[in-house]
Amino acid sequence: MEQPPSACLDPGCPSSFRDVVGHERWFEALISNLRNEHASGVHQPIALVGAAGVGKRTVARIYAKALVCERELDTRIDAAPCGTCDECLAFDRSSFAYVEVDARHFGDQEQDDKRVDERAQVNAVHSLIERDSGLNTAPVRVVVINNAEELVGAAADVALKTLELEISSSLYVFLVNDEMRFSAALRSRCSVFRIGPLSVEGMVGRLLSLCARWGLRSDEVAIRAIARAARGSFGEALSMLGRVAAHGDLTIESLVREPEFGWGPTMMACWRAVLRDRRDEALALFGQVGRDGPMRMKAMQSFLVACQLRRLLGSVPPDGSVSPALDLVSPVDWELILDDWTAWSRRTGLPVDEAMDRMVGLWACLMADMSWGACFVRGMSVLNAERKASSG
Ligand SMILES: [Zn+2]
């Protein structure tokens with residue numbers, strides 16, 4: 001076991017590039033960039049471009065640590081930092097070699113006057129440059145600028161001049177969420193690496209290997225559910241992993257104790273009550289689905305869509321998951337709920353597909369500003385009205 005999970009389930013925690021980027025195409029280019037930089041001592045600025053949560057900051061931290069690591073580069077696997085030399089250890093304890101700033105906080109967000117905003121940014125960039133680097137024992141200082149697309153006008157110009165001046169002493173890493181808004185002048189000076197969202201398969205592999213390294217037992221089904229729920233964001237997957245690991249191993253039993261994964265069986269019980277017209281019981285059960293109203297309403301929509309898919313296809317195709325929480329419901333329970341729908345239809349005379357269509361339509365419209373309780377009562381009374389209309 002490398003580190004206890006409680007101490008390292010922070011997005012900054014994975015310690016090798018492979019943990020984060022796996023075998024993505026740009027990985028080799030990034031490693032070769034690191035080798036060149038190491039050999040030449042020239043620190044060409046880097047722009048890591050990708051949507052929020054894809055792992056830009058994590059990659060930047062590993063890159064910075066790999067750059068200051070004292071271990072011979074050729075002796076390290078995939079150029080990853082060794083984690084044991086003085087610089088690696090210093091890095092983990094907030095090193096002088098690593099500075100991280102957020103371009104959004106350079107200016108005063110309260111100010112409407114754009115010029116004032118820019119002047120504040122310029123001042124912030126200046127203070128960044130003038131920061132005393134005398135305490136830094138590493139041969140290079142790494143400056144990471146988050147939300148770099150917010151760096152505009154004069155502040156971008158100052159940053160540009162800084163890059164030229166400090167190219168032998170500092171590596172500037174720009175983390176860019178929105179490439180269209182990133183200063184063209186800055187971008188032209190950077191080596192640009194675009195980080196795409198991770199595929200579910202890619203994420204599963206990486207999460208499994210992290211669990212193995214941390215000595216956590218893991219079910220692939222549970223890991224897959226986390227990967228799906230993270231929707232391509234490695235940071236999100238890691239934070240879910242951390243929350244689930246707080247219950248023990250990475251098993252389905254631990255997973256269903258988290259609100260976003262555990263509502264599947266409760267929703268099943270709720271709908272069994274709905275279809276038997278046991279209203280109070282149904283409402284109480286719905287109140288236990290998820291952690292809040294919006295999540296409850298989203299869960300209801302997912303459930304209805306999953307019901308439709310299963311009626312249509314018999315099962316949900318592996319790449320067509322509606323919700324990780326519903327993936328964790330057993331096939332037997334799905335059969336039971338579909339049988340309940342059929343029995344309900346026999347009693348009311350309304351075809352199941354038609355009733356499901358109407359419920360999906362209803363819940364899609366109810367989302368706006370009603371409370372979850374009011375939505376649920378409305379849904380039940382519509383279903384009940386169908387019954388009266390068709391039986392009377
Ligand atoms: Zn090291």
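## What counts as touching

Two residues are in contact here if their C-beta atoms, placed from the backbone, lie within 7 Å. With that in hand, take N147: leaving out residues up to four places away in sequence, N147 touches D102, A103, R104, L175 and N177. One of these partners, A103, sits 44 residues from N147 in sequence, yet the two are 5.6 Å apart in space, C-alpha to C-alpha.

Where does N147 sit? You'll find N147 in the loop between β3 (141–146) and α7 (153–165). Its phi is near 50 degrees, a positive value in a residue other than glycine. N147 counts as partly exposed because it has 19 other C-beta atoms within 10 Å, and a residue needs 20 or more to be buried.

## The chain as a whole

This is a predicted model. The protein chain has 392 residues, and buried ones make up 36% of them. Its secondary structure comes to 19 helices and 5 strands.

Contacts reach a long way along the sequence, too. Take the contacts between residues at least 6 apart in sequence: 72% of them join residues at least 24 apart.

## How far to trust it

The chain averages a pLDDT of 82, and 83% of the residues score at least 70. Among the elements, helix α14 (residues 279–286) has the highest mean pLDDT, at 95, while helix α1 (residues 5–8) has the lowest, at 38. Over residues 1–12 the pLDDT is below 50, and this stretch has 20 contacts in the model beyond near neighbours in sequence. Residues 108–114 also have a pLDDT below 50, with 5 contacts beyond near neighbours in sequence.

Where pLDDT is low, the predicted coordinates should not be read in detail.

## The nonpolar core

How many residues are in the largest nonpolar core? There are 96 of them, and the ones that touch the most other members are L48, V142, V173, F174, I226 and A237. Helix α13 (residues 259–275) gives the most to this core, with 9 residues.

A237 makes a handy place to look around. Setting aside neighbours within four places in sequence, A237 is in contact with M203, L207, I226, A227 and A230.

## A mostly covered helix

Is helix α10 mostly covered or mostly open? It's mostly covered: α10 spans residues 220–229, and 8 of its 10 residues are buried. Those buried residues are A222, I223, R224, A225, I226, A227, R228 and A229. One of them, I226, also appears among the core residues that touch the most other members.

What does the covering? The cover over the buried residues of α10 includes α9 (200–213), α11 (234–245), α12 (252–255), α13 and α16 (324–327). Following α10 comes R231, whose phi is positive, near 45 degrees.

## Two helices that cross

Two packed helices are described by the angle between their axes and the distance between the axes. For helix α3 (residues 26–40) and helix α4 (residues 56–68), the axes come within 10 Å and cross at roughly 35 degrees. The crossing of α3 and α4 is right-handed.

Which residues make the contact? From α3 come L34, E37 and H38, and from α4 come Y63, A66 and L67. Sorted by type, the residues of this α3–α4 contact divide into 4 nonpolar, 1 polar and 1 charged.

## A few partly exposed spots

D78 lies in the loop between α4 and α5 (86–92). Its phi is near 55 degrees, a positive value in a residue other than glycine. Why does D78 count as partly exposed? Because D78 has 14 C-beta neighbours inside 10 Å, and partly exposed means between the 12 or fewer of an exposed residue and the 20 or more of a buried one.

Two helix residues belong in this section as well. A90 lies in helix α5 and counts as partly exposed, with 18 C-beta neighbours inside 10 Å. A90 and A138 are 48 residues apart in sequence, with their C-alpha atoms 9.8 Å apart in space. N123 has its place in helix α6 (residues 114–130), and with 14 other C-beta atoms within 10 Å, N123 is partly exposed. Between N123 and V158 there are 9.4 Å in space, C-alpha to C-alpha, and they're 35 residues apart in sequence.

Notes:
Residues are numbered from 1 along each chain as its sequence is written. This is a predicted model: local features need pLDDT of at least 70, side-chain atom pairs count only at pLDDT 80 or more; totals for chains, interfaces and linings use all residues. pLDDT is the predictor's confidence in each residue, from 0 to 100. Helices (H or I, at least four residues) and strands (E, at least two) are DSSP runs, numbered from the N terminus. A nonpolar core is a set of buried Ala, Val, Leu, Ile, Met, Phe, Trp, Tyr and Cys residues joined through C-beta atoms within 7 Å. Axes are lines fitted to C-alpha atoms, for helices over the stretch in contact, and angles run from 0 to 180 degrees between N-to-C directions. A crossing is left-handed if the near helix is turned anticlockwise from the far one by less than a right angle, and right-handed if clockwise. Ala, Val, Leu, Ile, Met, Phe, Trp, Tyr, Cys and Pro count as nonpolar, Asp, Glu, Lys and Arg as charged, and the others, Gly among them, as polar.
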